[in-house]
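Dear colleague,

Please find below the structure I agreed to pass on to you, followed by an account of what was found in it. I should be grateful if you would read the two side by side.

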Amino acid sequence: MNTKLVVSVIAMSLSGIASASSHREAPNITRLPTLDSTDFYAFNSYESGREDYVTLIANYIPLQDAYGGPNYFAMDPAAVYSIHIDNDGDAVEDLTFQFNFKNALPNNNMGVALTIGNSGETQSVAVPLKVVGSISDADQSAANFSETYTLSLVSGPQQNGQATKLTNVSTGQTEFHKPLDFIGTKTFGSESGYINYANQFIYEFTMPGCAATGKVFAGQRKDPFVVNLGKTFDLVNYVPVEGDSAPGADDGGGFPGGITQSANNDDLRLKNVTELAVEVPKACITGDGNGTIGTWTTASLPQARILNPNATFTRPEVNGGALTQVSRLGNPLVNELVIGLKDKDTFSAAKPADDAQFATYVTHPSLPELLNILFKDAVNSTLGANLATLAPTNFPRNDLVTAFLTGFPGVNQLKTVTPSEMLRLNTAIPAKPVAQQSSFGVAGDDLAGFPNGRRPGDDVVDIALRVVMGRLCYPIPVNGTDTDLGLCQPADANVGNVPFTDGAPVNATMMDDSFPYLAPPLSGSGTDMVSE
């Protein structure tokens, strides 16, 4: 790859103007948590032997407490959960993997019942819990609830394309099963017992016109996203600059009073999430484009929902009408930190082809000015300086428009350029194994990472903080040589070379190194329950 190409990739790596988590990001979606997309990942598979595959992961249902019983976190059976792929650059999906869930109780939806009472006065009474005994990979008969789903491939626009239900290789049927959430170590015997149980729900499927099979998994996982969530949204209630001379140095040699790296800064460290993941052959999704794809996830509901005044398990409401998109996520945290409050629900319902309506939020982003208002006086006082502003002054922010909405020629720009918000992945750039991955992706001299797609171990929060404050205006190291990208000048960004951070570290070793990649979920009880 030539230097110009590398420079372009580096620039894109710092373009994650809003790349992080997307939990509870818009007013309307807070009322629909089962449809709330939390994070979206697209990367060339780095499991050994799977180099010809791409993995797409859409996470839903944010901030799951592991102990969130007794009903835990089922998907909405009325919803359609989708992962979209644009492979020609017109900002319209060419392929969509579509998940449709349904849930059931045993015994024709009557559930497990126990005989209660003395002889001659007994009654058969339905139990209130989702399990009535131990569950294992070998015996799941004690389950009192189940979820299944179909996985469809829609060719063309989702609204009017050709949909085909994909076939489970192991059964020859179109039905797949979702594991129960990790209720606890007594229910599943141990953490390893749950892992063995859940691994049974990784399936292979066939795709029309594709010689190789894909893989699919839908189930609870440990939330992979790492963020100082509470303090960040409390008017950034910490000094968001590295307090050590280098992350993890523990020497206090960085910015005076700056935050230092600690797992305790991760407010999601005790949270789970629901993962929808597919791994598909590259050759079967790139079409006749240039090998780069644009991807995003959505969730939709029928337009009308009428509540049943006499609700039952099988009929809590009646749903009807056209599918209506209520959640959308490509580069995450776009809706949380870029889109204005008045337009957040509009963005959730919008399609990439219509993103011109949100352009001002990128050309004139408000987040840098908010940080300036919060920290300018404190920075000037600490440093004995007299900076007029901490926010970049190059308007419009065409550097961000280029990097964020179009991609770069020869790197991750699609065949046709249509400015739009989506996660772009060049499928021709080889994946790197876990031991060689940099959590800073391309900025860490790792072309296989963010923003060339996004892997679970990429630390996109720190990259986002730095780019919004003007990192693109300073030379970027390319193969060890500082390189001026020519997008803006240091004078445009007074603090563009400052190591901004939320103090919550993440790396690939915190995840698994094979499909479905995200770590197993946290137990609803603890290991102390094993001996009981």
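In this predicted model, about 1300 Å² of area is buried between domain 1 and domain 2, and carbon and sulfur atoms give 57% of that area. On the side of domain 1, the residues L105, F145 and T187 supply 42% of the area buried against domain 2, more than any other three residues. The division itself assigns residues 29-105 and 145-510 to domain 1, and residues 106-144 to domain 2. The C-alpha centres of the two domains lie 40 Å apart.

In terms of contacts, 17 residues of domain 1 meet 17 residues of domain 2. The count of salt bridges between the two domains is 0, whereas 4 residue pairs, both members at pLDDT 80 or more, are in polar contact across the interface. Helices α3 (185-188) and α4 (191-199) each supply at least two residues of the side of domain 1 that touches domain 2. Of these elements, α3 gives the largest share of that side, with 3 residues.

I turn next to the strands. An open sheet is formed by 6 strands in the order β1-β2-β13-β12-β11-β9, with antiparallel pairing. The edges are taken by β1 (37-44) and β9 (167-168); each has a single partner strand, so one side of each is left without a neighbour in the sheet. At the β9 edge, the partner is strand β11 (residues 203-206), which pairs with β9 in the antiparallel sense over 2 bridges. Within this pairing, T167 stands opposite T206 of β11.

Strand β2 (residues 53-65) of the sheet contains Q64, a residue that may merit your attention. Q64 counts as buried because its relative accessibility is 0%. The side chain of Q64 makes a polar contact of 2.9 Å with the side chain of T274. Neighbours within four places in sequence aside, the residues in contact with Q64 are F73, Q220, L270, K271, N272, V273 and T274.

A separate feature is the hairpin of β7 and β8. Strand β7 (residues 146-155) and strand β8 (residues 162-165) run antiparallel and are joined by 4 bridges. One pairing to inspect is that of V154, whose bridge partner in β8 is A163. There are 6 residues between the strands of this hairpin, and G156 takes a positive phi near 95 degrees.

The salt bridges form the last topic. The search of the whole structure finds 12 of them. One joins R328 to E421, with the closest N and O atoms 4.0 Å apart. R328 belongs to strand β15 (residues 317-329), while E421 lies in the loop between α10 (398-406) and β16 (423-426); the pair therefore ties together parts that are 93 residues apart in sequence. Both partners fall under the 20% limit for burial: R328 has a relative accessible area of 1% and is buried, and E421, at 3% relative accessibility, is buried as well.

A further salt bridge links K342 and D343, whose closest N and O atoms are 3.0 Å apart. Here the partners are set in contrasting surroundings as regards accessibility: K342 counts as exposed at 69% relative accessibility, whereas D343 is buried, with a relative accessible area of 16%.

R455 and D458 also form a salt bridge, and the closest N and O atoms of this pair are 3.0 Å apart. R455 counts as buried at 1% relative accessibility, and D458 is likewise buried, with a relative accessible area of 3%. In addition, D76, R305 and E317 are joined into one network by salt bridges that share partners.

When you open the file, I would suggest beginning with the interface of the two domains, where L105, F145 and T187 can be viewed together. The surroundings of Q64, including the polar contact with T274, could follow. The salt bridge of R328 and E421 would then complete the tour.

With kind regards

Definitions and conventions:
Residues are numbered from 1 along each chain as its sequence is written. This is a predicted model: local features need pLDDT of at least 70, side-chain atom pairs count only at pLDDT 80 or more; totals for chains, interfaces and linings use all residues. Side-chain values use heavy atoms; hydrogens and water are left out. Buried means under 20% relative accessible area, exposed over 50%, partly exposed in between (1.4 Å probe, protein chains only). A polar contact is a pair of N or O atoms within 3.5 Å; within protein, one must be able to donate a hydrogen and the other to accept it, and residues adjacent in sequence count only if both atoms are side-chain atoms. Contact means heavy atoms within 4.5 Å. Two strands pair if DSSP finds at least two bridges between them. Domain bounds come from an automatic or database domain assignment. Buried area is the accessible area (1.4 Å probe) that two parts lose on being put together, summed over both. A salt bridge is a side-chain nitrogen of Lys or Arg within 4 Å of a carboxyl oxygen of Asp or Glu.
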